[in-house]
Structure formats: structure tokens, C-alpha cells
Amino acid sequence: MIEIADASLVDWSRAQFALTAMYHWVFVPLTLGITFILAFMETLYVKTGNEEWKKITKFWMTIFGINFAIGVATGIILEFEFGTNWSNYSWFVGDIFGAPLAIEGILAFFMESTFIAIMFFGWNKVGRKTHLLATWLTAIGANLSALWILVANGWMQKPVGMVFNPETARNEMQSFWDVLFSQTAVDKWLHATSSGFVLASVFVIGISAWYLLKNREIMLAKKSIVVASVFGLLSSVYLVWTGDNSARTIAHDQPMKFAALEGLYNGSEGAGLVAIGMFSSNVADPTNENLKDFSMKLEIPNFLSYMAFLDWDAFVPGVHDLINGNEKYGYMSANEKIERGKVAIAKLGEFKEAKKAGNDSLATALKAELTSADFQNNYFKYFGYGYFTNTNDLIPNVPLTFYSFHIMVGLGFFFILLFILSLIYIWKGTFEKKKWFMKMAIISIPLAYVASQAGWIVAEVGRQPWVVQDLMPTISAVTKISSGSVMLTFWLFAVLFTVLLIAELKIMFRQIKIGPKH
Amino acid sequence: MEKANIFIRIWRFYTGGFKNMSSWGRQVWIIILIKLFIMFAILKIFFFPDFLKTNFSTDEERSSHVLEEITNTK
């Protein structure tokens with residue numbers, strides 16, 4: 001790749017963003033899911049009038065409150081980083097990001113100051129139904145709030161509904177609805193929120209299992225397990241469905257990410273899905289150390305073709321097809337895309353020089369050419385490729401993407417088993433006799449967080465080198481500031497977030513040990 | 001007894017809620033306030049100035065800078 005920015009600056013900026021995003025995501029999924037579990041529990045209280053359900057709801061509400069309070073505003077740091085470390089990117093996407101993020105901010109403010117306040121302060125002050133409504137609106141509001149940031153992220157994976165204005169160097173929104181209802185954005189929202197439902201269900205079952213192991217809060221634990229297992233199982237089925245849709249969208253819009261997450265180097269018709277696989281230290285391609293051979297793999301024939309295109313015999317392109325091109329199946333080579341990207345950058349450069357020289361007639365003609373449908377579809381579409389010289393730089397980290405994807409999927413199916421067994425054992429009344437299962441349920445809590453983080457690694461590492469797919473690579477998005485200052489703030493965040501996480505765990509563990517108020 | 005107006009009732013709702021808050025509630029509020037102080041009064045001001053707003057005074061200058069950056073592949 002051309003040395004546009006200091007490599008260590010790019011690496012530190014990426015590391016810092018990854019650190020803050022991953023810490024932020026530690027807090028978010030539990031909020032997304034546990035609010036619905038609270039709403040179900042409180043609905044049972046309002047329907048039955050059974051005070052036990054009220055006690056259970058208030059206990060889990062405390063756990064939600066701690067998680068929410070510690071996590072609140074951690075996402076704002078990402079916005080600080082956009083302005084400081086990713087200024088080219090922020091300017092380039094500004095108009096697209098502005099609307100969704102503003103809606104998210106307003107929604108979050110009203111939700112937090114109104115509904116959550118009623119949830120915590122409103123017991124015995126507002127009517128039961130009003131309180132229940134506030135709990136439901138908190139759950140719905142939290143998940144709607146997540147929609148907007150995921151719409152922004154979806155746009156970065158599949159930029160739609162905008163046009164690039166060479167005068168301002170910004171993408172300007174043409175259709176809010178195209179951005180909002182882009183298949184990538186919809187898939188992202190449904191998959192990310194449903195993963196939160198599953199995580200919260202595993203969390204509630206794990207804590208309840210701990211109570212049963214300690215032989216305390218038996219009623220709370222059993223009732224909580226029933227609600228969480230049913231919600232978790234239904235959410236898991238939904239999660240598999242949303243994941244399947246996401247995979248198809250990725251296969252269509254981000255074929256390189258799809259090839260990386262399956263470790264598919266050479267495309268084929270009727271491609272098999274690697275259910276389990278492990279890379280060896282041998283490279284499969286001597287020109288690229290990133291592409292390792294499999295030392296073992298268990299493959300399901302034709303399944304990848306079906307997953308990607310709903311056709312058992314469809315052709316799925318591999319890394320080499322996407323780099324070298326494949327005329328038979330209509331995949332352009334990376335070198336051709338690089339050449340077209342260079343033309344687009346050069347044309348924009350000519351426009352910039354014409355503006356600088358005050359040659360308005362030339363600038364107007366160049367702007368017309370740049371924004372013409374023909375140029376947009378044949379050249380500007382590949383703008384970001386123009387920064388590259390080595391095609392290997394267009395391939396994401398295959399082992400990391402592959403392993404993260406398989407860990408996420410594997411754990412997802414493990415949680416389905418956990419929910420089914422929980423329901424069976426509760427139904428049979430043998431849950432508290434199965435010590436191994438209770439221990440497994442407790443261990444499953446950190447595993448749910450591992451699965452959730454792995455999902456984001458697939459999404460974000462898998463789309464490298466792009467910040468905005470095909471238009472802006474990471475290296476041109478970064479602000480040219482000193483890498484030392486980014487390194488300093490990386491460590492500041494590492495300390496701050498670690499302290500916050502320790503505080504959360506300490507307060508949460510104490511409340512769990514105390515248990516519900518009798 | 002005459003009902004207080006809506007704003008007074010909302011005020012009482014919030015102040016009553018904060019006054020009767022449990023110990024964990026007070027602890028997390030302290031954490032929230034410290035966190036917001038660190039984020040906005042230290043990190044934002046000293047470590048995270050908006051690069052384009054700080055270094056350029058008009059949108060035109062910002063556009064020119066970014067245009068320069070994204071067309072510079074050397």
C-alpha cells in the first residue's frame with residue numbers, strides 16, 4: 001500500500017477504536033436483552049398480581065440499572081475519536097452519519113430521563129400499568145436507540161442513498177429511506193439486537209444457576225430460568241435466521257469478507273461449508289502469508305453455496321477469484337479496480353486544481369463528469385482502490401475472521417442447547433440436581449460475551465481494509481496526528497474502561513450476593 | 001387536597017426518587033458523574049479536540065483540506 005500515513009498511527013488509531021468499541025459493547029447487549037426479560041417478568045406480575053414476580057422484576061432491574069449506569073455514555077468516546085483521529089472519514093461521511101446519530105442521541109435522552117426514571121422511581125408512585133408501560137418502552141427504546149448507530153455502521157459496509165459532492169468533499173444524503181432500510185443495516189440491527197437477547201438470557205440463567213447451586217432464592221431462580229430459557233430459545237432461533245440473512249447479504253455485497261470468514265481461497269460451484277477448521281503454519285499462497293493452509297477441516301458439501309445464494313450449486317468466489325478476477329462468473333480483478341480507482345482520484349485531483357486556479361469553467365465541466373452516472377458507476381465506485389498498489393492489502397486477516405466467525409456460530413448453537421436443556425430440566429424439576437449443568441450455565445455467561453465480541457470482530461476485521469466499503473480505506477480515513485498522542489489516549493482509555501468494568505463487576509457481584517430484598 | 005400542577009409533581013417525582021435511592025444507586029451515580037467529568041472536562045478538552053474545527057475556521061477550508069488529503073496518494 002502507498003505510505004499515505006504512518007503505519008503505526010493507523011495501527012494505534014485502529015487499536016484505540018477497537019478497544020473503545022469493544023468495551024462499549026460489553027455493556028450494550030445485556031441492556032438490549034435484559035430490558036425485555038424485565039418487561040416479560042413485570043407483565044406476569046401485573047397479570048397475576050403475584051408479589052413474587054414483582055420481587056423478581058425488581059431484582060433483575062437492579063442488575064440492569066448497574067449495567068446501564070456503568071455503560072452509559074461510553075459510546076460518546078467513539079464520537080470523540082471520529083473528530084480527532086478520523087477527521088477525513090468524519091468529513092467524508094458527515095451528512096450520512098449526522099441524521100442517525102442525532103436521532104439516537106435524542107431518543108436515548110428521552111428514554112433515559114423518562115422511562116428509566118419511572119422504572120426505578122415509579123414503584124408505588126404510578127399505577128401498575130403505567131409502570132409496566134415504562135418498562136416496555138425502555139426495552140423498545142433501548143433497541144430502537146441501537147438501530148441508529150447500526151444504520152450508520154450498515155452504511156459503512158454498504159454505502160447507499162448518497163451522492164459524493166466534489167465541491168464539499170462529502171457524501172450527501174439523497175434518500176434517508178435507502179440508508180435506513182438498506183438490507184445491510186436491517187440485517188445488522190436485527191442480528192445485533194437478537195444477539196443481545198441471547199446474551200441476556202444466558203446471563204439470567206447463569207446467575208439463577210448460581211443461586212440454585214448455593215441453595216438460595218430458589219423460587220426467584222426457577223421462575224427466572226423459565227422466562228430466560230423461553231426468551232433465549234425463541235431469540236436464538238431468530239438469531240440464526242437473522243445471521244443467515246446477514247450471511248447472504250455479505251456474500252452479495254462484501255464477497256471478500258464472506259470468503260475470509262469461511263477461509264475460501266479458490267471459489268467453486270457447490271462450495272462446501274467448513275463447519276470446523278484449523279489453520280496450519282503453512283501458507284496456501286506463497287505470495288501472501290495471510291492465506292494459511294488448513295491443517296484439518298470438517299466440510300459440509302454444497303452448504304456454503306446454499307447459504308450464500310440459496311442454490312446448492314451456485315458459484316461462491318474465493319479470495320483468489322476476487323483478487324485475480326473471474327471472467328466466467330463476472331468478478332472484476334483487483335488490479336482493474338485499482339486502475340479505475342486511480343482514474344477517479346486523479347479526476348478529483350484535477351477538479352481540486354481547477355478550483356484552486358480559479359478556472360471555474362473547467363471545474364464545472366469536471367464536476368459534471370465526476371457526478372455523471374457513467375463515471376460514478378464505472379470509476380467512482382472503485383475510488384478507494386486507487387490508494388493501493390499491492391492487491392494483497394485488499395484481503396482482510398483471514399485466520400482472525402475465520403476463527404471469530406466459527407467461535408460465534410459454534411457458541412450460538414451451544415446456547416440453543418443450553419436453553420433447551422434448561423427448559424427440560426426445569427420442566428422435569430431436576431434442574432437443581434444437575435450440578436454439572438448449573439456450573440456449565442455459570443461458565444456460559446463469559447462465553448456469551450465472547451460470542452458477542454467475536455461477532456463484531458467478524459463484521460469489522462472482515463471488512464478491512466475499508467472504513468467505507470470500496471470508497472475509503474482505513475489508511476486514508478485517519479487524521480495525520482502524532483501516533484504518540486493516539487498511543488497515550490489508547491492507554492488512558494484502557495485504564496478508564498478497565499476501572500469502569502471492575503466497578504461494574506464489583507457492584508453487580510455484591511448485589512447478586514445480597515440477592516432480592518425480602 | 002388540591003393536586004399540585006404537573007411540573008411540581010414531576011419535580012417531586014424526581015427529587016423523591018433521588019432522595020430515597022438505594023446504596024447501589026448512589027454508588028453508580030457517583031461513578032456516572034466521575035465518568036462524565038473525566039470524559040467531557042478532561043478527555044474531550046485536552047485530548048480530543050475536533051481536528052477540523054480546531055484547525056480550520058470555515059467549512060470551505062475544511063473541504064479543501066479533506067480534498068487535498070483524499071487526492072494525495074503519495
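How many residue pairs are in polar contact across the interface of chain B and chain A, with both at pLDDT 80 or more? Hi everyone, that is where I'd like to start today, and please keep in mind that this is a predicted model. The rule finds 13 such pairs across the interface of chain B and chain A.

The rule also finds three salt bridges across that interface. There is a salt bridge between the side chains of B:Glu68 and A:Lys356, at 3.2 Å, N to O.

Which parts of chain B touch chain A? Helix 1 (6-19), helix 2 (23-47), helix 3 (51-55) and helix 4 (59-71) of chain B each give at least two residues to that side. Helix 2 of chain B has the largest share, with 13 residues. By class, this side of chain B has 21 nonpolar, nine polar and eight charged residues.

Now for the interface as a whole. Here 38 residues of chain B are in contact with 61 residues of chain A. Together the two chains bury about 4,000 Å², with 74% of it on carbon and sulfur atoms. Three residues to find on your screen are B:Trp24, B:Phe48 and B:Ile70, which supply 19% of the area that chain B buries against chain A, more than any other three residues.

Last, a look inside chain A. The axes of helix 2 (residues 51-71) and helix 8 (residues 218-253) of chain A come within 10 Å and cross at roughly 75°, so these two helices are roughly perpendicular to each other. Among the residues making the contact are A:Trp53 and A:Phe59 of helix 2 and A:Leu220 and A:Val227 of helix 8. By class, that contact has seven nonpolar, one polar and two charged residues. Thanks for listening!

Note on methods
Residues numbered from 1 in each chain as written. Chains lettered and ligands numbered in written order. Predicted model: local features only at pLDDT ≥ 70, side-chain atom pairs only at ≥ 80, totals over all residues. Heavy atoms only, no water. Axes fitted to C-alpha atoms, helices over the stretch in contact; angles between N-to-C directions. Helix = DSSP H or I, 4+ residues; strand = E, 2+ residues; numbered from the N terminus. Parallel < 35°, antiparallel > 145°, perpendicular 65-115°, else oblique. Contact = heavy atoms within 4.5 Å. Nonpolar A, V, L, I, M, F, W, Y, C, P; charged D, E, K, R; others polar. Buried area = accessible area lost by both parts, 1.4 Å probe. Salt bridge = Lys/Arg side-chain N within 4 Å of Asp/Glu carboxyl O. Polar contact = N/O pair within 3.5 Å; in protein donor to acceptor, adjacent residues only side chain to side chain.
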